[in-house]
Amino acid sequence: MIALVDSLDKEQLMQLNQLVVNLLKTRRDKELIEKASQFKLAEFVFFHDNDGENQVGVVTKINHKSITVAVSDYYTVKVPAVYLHHITEKPSKKLIALKNQLFPTEEILDNL
């Protein structure tokens, strides 16, 4: 393989590089799209923020590659789908209240 690469001129190496970059971008995009399709609106999720802390929230919008997550009633975050995880244990009362505020059920609306 290295002998083949060594035999290429500058123009051929640039073309090879462009092909590899495009292939990597295509694979990354495909992975993001597949991962985003695993989530639904109003679902409980968590992710690790830039400080490494767990953040929990509710899915409010699904794009092809990213998910918008409400982490409080006044703060949303756009997260690449590959960094999101489903919450498997029972969500906190605070998180349930956030979901009910964002996505009220008929029962909640009737009680207003």
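Is L4 buried or exposed, and at what relative accessibility? L4 counts as exposed, because its relative accessibility comes to 53% and the cut-off for exposed is over 50%. Keep in mind that this is a predicted model.

**The nonpolar patch**

L4 sits in helix α1, and it has company. Together with M1, V5, L13, L16, L19, V20 and L24, L4 makes up a nonpolar patch on the surface. The accessible area of these residues together is about 770 Å². Two elements give two or more residues to the patch, namely α1 (2-6) and α2 (10-36). Of these, α2 gives the most, with five residues.

**Salt bridges**

Helix α2 also turns up in the charged part of the story, through D29. The structure holds two salt bridges, and here they are:

| Pair | N to O distance |
|---|---|
| D29 and R28 | 3.6 Å |
| D29 and K65 | 3.3 Å |

The D29 and K65 pair links D29 in helix α2 with K65 in the loop between β2 and β3, so parts that are 36 residues apart in sequence get tied together. Since the salt bridges share partners, R28, D29 and K65 end up in one network.

How exposed are these side chains? D29 is partly exposed, at a relative accessible area of 21%, a value that sits just above the under 20% cut-off for buried. R28 is partly exposed as well, with 45%, and K65 gets the partly exposed label at 35% relative accessibility.

**The sheet and its helix**

Now for the strands. Five of them form an open sheet in the order β4-β3-β2-β1-β5, and the pairing is antiparallel. At the edges stand β4 (75-80) and β5 (85-86); each has a single partner strand, so one side of each is left without a neighbour in the sheet. As a general reminder, strands of a sheet pair through backbone hydrogen bonds, either parallel or antiparallel.

Further in, strand β1 (residues 44-48) runs antiparallel to strand β2 (residues 54-62), and five bridges join them. To pick out one position in this pairing, F44 stands opposite V58 in β2.

Which helix packs on the sheet, and which strands does it touch? That would be helix α3 (residues 93-102), which touches β1, β2 and β3 (66-72). The direction of α3 makes about 15° with that of β2.

Terms used: Residues are numbered from 1 along each chain as its sequence is written. This is a predicted model: local features need pLDDT of at least 70, side-chain atom pairs count only at pLDDT 80 or more; totals for chains, interfaces and linings use all residues. Side-chain values use heavy atoms; hydrogens and water are left out. Two strands pair if DSSP finds at least two bridges between them. Helices (H or I, at least four residues) and strands (E, at least two) are DSSP runs, numbered from the N terminus. Contact means heavy atoms within 4.5 Å. Axes are lines fitted to C-alpha atoms, for helices over the stretch in contact, and angles run from 0 to 180 degrees between N-to-C directions. Patches are made of residues with over 30% relative accessible area and no salt bridge: like charges are joined within 9 Å, nonpolar side chains (Val, Leu, Ile, Met, Phe, Trp, Tyr) within 5 Å. Accessible areas come from the Shrake-Rupley method with a 1.4 Å probe; for residues, only the protein chains shown count as cover. A salt bridge is a side-chain nitrogen of Lys or Arg within 4 Å of a carboxyl oxygen of Asp or Glu. Buried means under 20% relative accessible area, exposed over 50%, partly exposed in between (1.4 Å probe, protein chains only).
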